[in-house]
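Trainee: I have this model open and would like a close look at a single part of it. Could you pick the pairing of two strands in the middle of a sheet and then work outwards from there?

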Amino acid sequence: MTGPLPDTMRAMVLDRPGSPLRLATLPRPEPAVGQVLLRVSACAVCRTDLHVVDGELPDPCLPLVPGHEIVGEVVACGPGTQRHPVGRRVGVPWLGWTCGHCSYCEAGAENLCPSARFTGYTLDGGYAEYTVADERFCFPLPDAYDDLHSAPLLCAGLIGHRAYRMALAHPFGGDVTHLGLYGFGAAAHLIAQVAVADGRRIYAFTRPGDTTAQDHARQLGACWAGDADVLPPRRLDAALIFAPAGALVPAALAVLRPGGGVVCAGIHMSDIPSFDYARLWQERSIRSVANLTRADGEDFLAHAARQPLAVHSVAYPLAEANAALDDLRAGRLQGAAVLQPTHA
Ligand SMILES: [Zn+2]
Ligand SMILES: [Zn+2]
């Protein structure tokens with residue numbers, strides 16, 4: 001597209017947690033120093049957006065445009081930018097800015113930077129026709145995925161990948177051949193394909209009775225799929241928990257072999273019930289995954305370019321963001337909801 005940029009844009013705005021998003025006309029943002037202006041073509045809906053909208057995460061920057069799995073075309077470059085020319089398609093993830101000089105940033109753990117800013121939480125995000133982003137936190141996207149199918153790679157894919165790599169790196173685990181996935185949504189449906197291609201056996205646990213999700217897991221290569229309160233046919237080497245239910249932590253520990261690890265991949269969970277020490281005993285472990293680093297993004301997107309992943313996206317118009325959030329909250333989605341603005 002060419003021609004002058006409009007002065008205003010449509011966006012979905014959170015005025016206060018616990019209320020529905022409001023369709024608003026806002027001034028189109030201008031890229032500041034180091035930022036690019038993107039015309040948004042797709043923005044996937046992440047469970048974290050639900051936690052923000054529902055008030056389960058503290059201190060969002062209000063009023064807020066949510067959304068942190070943004071695909072857009074660079075349409076203007078702010079002062080001092082040099083990485084992404086006008087016309088390039090890029091993706092914007094959750095990690096939107098870091099300080100670059102704290103002990104975490106210097107140690108390659110910028111995901112833990114105490115000054116970090118997050119897209120669609122402490123920075124405006126992609127539930128809008130336009131957004132601005134720090135060019136250092138924008139990724140070029142693999143050509144094999146169109147906009148609708150690349151958006152879920154930017155958080156579901158990235159965070160799933162970080163959680164998966166953490167499970168493989170567990171020091172007492174030995175080989176991770178038998179891997180459990182709790183919650184078979186946007187993240188699990190992608191990392192299951194990566195793990196199967198790596199020769200691992202996937203056990204998919206869903207809400208009790210969700211046979212649609214269980215069928216989806218088997219179609220994507222899971223060797224077993226069942227209800228989260230059912231024992232799998234054997235002990236597992238590791239488990240990734242994507243569902244926000246704390247009761248899954250002791251449930252997952254109970255199916256691990258000695259030395260196995262549970263990785264909690266979500267930003268929020270309900271309280272974890274108490275459990276007897278025997279579940280943790282024998283060097284089982286529990287870890288959480290927080291955010292992502294830019295290196296995670298580069299790694300995972302390079303992987304997605306090499307291995308064609310079947311991305312299950314369900315498109316919604318931008319103005320239907322509340323319906324997309326409701327469908328995610330109710331567990332009615334297979335794969336990822338993706339908002340698509342229509343530009344006049
Ligand atoms: Zn830092
Ligand atoms: Zn996310």
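Mentor: Happy to. Let's start with strand 10 (residues 178-182) and strand 13 (residues 236-241), which run parallel and are joined by four bridges. One place to put your cursor is Gly180, whose bridge partner in strand 13 is Ala239. Keep in mind that this is a predicted model, so everything below is computed from predicted coordinates.

Now widen the view to the sheet around that pair. Six strands make up an open sheet, paired in parallel, and their order is 12-11-10-13-14-15. Its edges are strand 12 (224-227) and strand 15 (285-288), each of which pairs on one side only. From one strand to the next, the twist averages 20°. If you follow side chains along a strand, it helps to recall that in a regular strand they alternate between the two faces of the sheet.

Two loops that lead to or from strand 15 deserve a look at their backbone angles. Most residues other than glycine have a negative phi, and most peptide bonds are trans. Glu283, in the loop between strand 14 (256-264) and strand 15, has a positive phi near 60° although it is not a glycine. Glu283 has 13 C-beta neighbours inside 10 Å and therefore counts as partly exposed. Asn291 belongs to the loop between strand 15 and helix 8 (294-306), and its phi is also positive, near 60°. Asn291 is buried, because 22 other C-beta atoms lie within 10 Å, and the cut-off for buried is 20 or more.

At the edge formed by strand 12, look at the loop that comes from helix 6 (211-219), where you will find Gly221. Gly221 has 15 C-beta neighbours inside 10 Å, so it counts as partly exposed. Leaving out residues up to four places away in sequence, Gly221 touches Ala192, Gln193, Val196 and Ile202. Gly221 and Tyr203 are 18 residues apart in sequence, and their C-alpha atoms are 9.5 Å apart.

Next come the helices on either side of strand 10 in the sequence. Two packed helices are described by the angle between their axes and the distance between the axes. For helix 4 (residues 156-168) and helix 5 (residues 186-197), the axes come within 8 Å and cross at roughly 55°. The two helices are therefore oblique to each other, and helix 4 passes helix 5 in a right-handed crossing. Helix 4 brings Ala156, Gly157, Ile159, Gly160, His161 and Tyr164 to the contact, while helix 5 brings Ala186, Ala187, Ala188, Leu190, Ile191, Val194 and Ala195.

Just ahead of helix 4, Pro152 lies in the loop that follows helix 3 (147-150). Pro152 counts as buried because it has 32 C-beta neighbours inside 10 Å. Beyond residues up to four places away in sequence, Pro152 touches Ala44, Glu69, Gly157, Ala186, Val311, Ser313, Ala336 and Val338. Gly157 and Ala186, both in that list, also take part in the contact between helix 4 and helix 5. The C-alpha atoms of Pro152 and Pro93 are separated by 10.0 Å, although their positions lie 59 residues apart along the chain.

Ala44, another contact of Pro152, takes us to an earlier part of the chain. Strand 3 (residues 35-44) pairs with strand 4 over seven bridges in the antiparallel sense, and Val40 has Gly72 of strand 4 as its bridge partner. Strand 4 is also joined to strand 5 (residues 89-92) by four bridges, again antiparallel. There, Val71 stands opposite Gly91 of strand 5. In the loop between helix 1 (47-53) and strand 4 (70-77) you will find Pro63, and the peptide bond from Leu62 to Pro63 is cis, with omega near -10°.

Finally, step back to the whole chain. The protein has nine helices and 17 strands, and its C-alpha trace spans about 65 × 40 × 35 Å along the principal axes. A compact globule of 344 residues would have a radius of gyration near 20 Å, and the protein agrees because its value is 20 Å. Of its 344 residues, 49% count as buried. Among contacts between residues at least 6 apart in sequence, 69% join residues at least 24 apart.

Notes: Residues numbered from 1 in each chain as written. Chains lettered and ligands numbered in written order. Predicted model: local features only at pLDDT ≥ 70, side-chain atom pairs only at ≥ 80, totals over all residues. Rg over C-alpha atoms; globule rule 2.2 N^0.38 Å. Buried ≥ 20, exposed ≤ 12 C-beta atoms within 10 Å, placed from the backbone. Contact = placed C-beta atoms within 7 Å. Pairing = 2+ DSSP bridges. Axes fitted to C-alpha atoms, helices over the stretch in contact; angles between N-to-C directions. Parallel < 35°, antiparallel > 145°, perpendicular 65-115°, else oblique. Left-handed = near helix turned anticlockwise from the far one by under 90°.
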